[in-house]
Amino acid sequence: MLKYFNSKLITYIKGKHSKNEALKILVDLIRENSDALKDENHFYENILAREELGSTGIGQGIAIPHARSEKIDKIVVAIGLLEHRVDFNSPDGEGVKIVILVGAPKGQNKEYLHLVSELVRTFRDKKLREAVTCATNYQELLEAIAVKMRIGIYGGSFNPIHRAHVEIVKFILEKMNLDKIIIIPVGKASHRADIMLSGELRKKMCELAFEGEDKIVVSDIEIKSKKTSYTVDTLKKIISYYGGHNEFYEIIGEDSAYNFSKWKDYKKILELSKVIVFRREGYIGGVEDRNIIYLDTPLYNISSTMIRERIKNGEDISELVPERVAEFIKENKLYN
């Protein structure tokens, strides 16, 4: 069943909608992110016609509308998490929170009916149903139904975070088609003297830098630990939390890639994840491995050291860090 789930066909539907509006949003999602539909209007009409035959609400906040159409090339599943419940005339009278839309070609009746039956059985499971209906956003929904996600992990001192960090993260998110990137301010670094601000201050600046970015989250997994931070240990914790069925991508610069073979258990890192390497001025290449991906990213002549020096010298940093970060540094008199 999971083979039919695709993170691009899962969405969080904000605002209040009628049943037909919610169904249209999901049909449009399939049209935009799948090659399954030859005529979305024909499929939408078939879905509405099926709804006229009887409720597809299975109760307890779940609905599984479904239809076959000669205008569909393959079985497709789209899932919508509704901000506000919608009336699907479910047998228990409860408004629907999760809509699982299924479409199939006319000739795949057996597989189609088996899938719908399996979805009904699966989503009636109490534990899964509660996890899904209690989700409050897109990421929580993905995690609840165990859809394979492509998760990037970007650790660093971020002392402070600057525009190059932000632009690199956004570039990699789009270029590598990742579902999430986790920003991890280092706790007790394994490779440098402890000249950093407190973890909480650096975490707050990271949160300000990525404010409003739904696919980018900031984690305190390292700063709340008293132990020295090693990438391999953090990676194992992240995998344990999100689940080993996902794909993980460590994100490092060419300066780190140059010395990657000296990292603790670097071969284990390559076994557990792929490693994305972005360009850094003055460095070329590093360790070669089938799980290392070198990206031709833009080069930025910005460093945290440069920013700290400018602050000490009373110079302007507004072009080097996000606006909210600059305000936070000034308000809290950091790095003076």
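This short talk walks through one protein chain, from its overall build to its cores, its charged pairs and its cysteines.

Thanks, everyone. One thing up front: this is a predicted model. Every value I give is computed from it.

Let's start with the whole chain. There are 336 residues, and 50% of them count as buried. The C-alpha atoms fill a box of roughly 75 × 45 × 35 Å, taken along the principal axes. How many helices and strands are there? The secondary structure comes to 12 helices and 14 strands.

Now the surface. The accessible area is about 17,200 Å². Carbon and sulfur atoms hold 45% of that.

And the contacts. Take those with a separation of 6 or more. Of these, 71% join residues 24 or more positions apart.

Next, the inside. The largest nonpolar core has 49 residues. Which residues have the most contacts inside it? They are I79, I100, F123, L141 and I145. Helix α3, residues 109-123, gives the most to this core, with 6 residues. Apart from this core lies another one, of 38 residues. Among its members are I172, L208, I251 and I276.

Find I79 on the screen, please. Leave out residues up to four places away in sequence. I79 then still touches a list of residues that includes F5, L9, I10 and L26. I98, V99 and I100 are on that list too. So are L141 and I145, which we just met as residues with the most contacts in the largest core.

Now for the charges. Side chains of opposite charge can pair when their charged atoms come close. In this model the count comes to 20 salt bridges. I'll show you three.

First, R31 and D28. Their closest N and O atoms are 3.7 Å apart. Why is the sequence spacing worth a look here? Both residues sit in helix α1, residues 19-33, and they are 3 residues apart, so about one helical turn separates them. Is each partner buried or exposed? D28 is buried, with a relative accessible area of 18%. R31 is partly exposed, at 36%. This pair also belongs to a network of salt bridges, which links K24, D28, R31, E32 and E40.

Second, K38 and D73. Their side chains meet in a salt bridge at 3.6 Å, N to O. This pair links distant parts of the chain, with the two positions 35 residues apart in numbering. K38 lies in the loop between α1 and α2. D73 lies in the loop between β4 and β5. K38 is exposed, with a relative accessible area of 52%. D73 counts as partly exposed, at 45%.

Third, D220 and K224. The closest N and O atoms here are 3.9 Å apart. D220 counts as partly exposed, at 26% relative accessibility. K224 is exposed, at 62%.

Last topic: cysteines. How many disulfides does the structure hold? The number is 0. Look at two cysteines, C134 and C206. C134 counts as exposed, at 56% relative accessibility. C206 counts as buried, at 0%.

To recap: the chain has two cores on our list, one of 49 residues and another of 38. The model has 20 salt bridges and 0 disulfides. That's my talk.

Conventions: Residues are numbered from 1 along each chain as its sequence is written. This is a predicted model: local features need pLDDT of at least 70, side-chain atom pairs count only at pLDDT 80 or more; totals for chains, interfaces and linings use all residues. Side-chain values use heavy atoms; hydrogens and water are left out. A salt bridge is a side-chain nitrogen of Lys or Arg within 4 Å of a carboxyl oxygen of Asp or Glu. Helices (H or I, at least four residues) and strands (E, at least two) are DSSP runs, numbered from the N terminus. Buried means under 20% relative accessible area, exposed over 50%, partly exposed in between (1.4 Å probe, protein chains only). A nonpolar core is a set of buried Ala, Val, Leu, Ile, Met, Phe, Trp, Tyr and Cys residues joined through side-chain atoms within 4.5 Å. Contact means heavy atoms within 4.5 Å. A disulfide is a pair of cysteine sulfur atoms within 2.5 Å. Accessible areas come from the Shrake-Rupley method with a 1.4 Å probe; for residues, only the protein chains shown count as cover.
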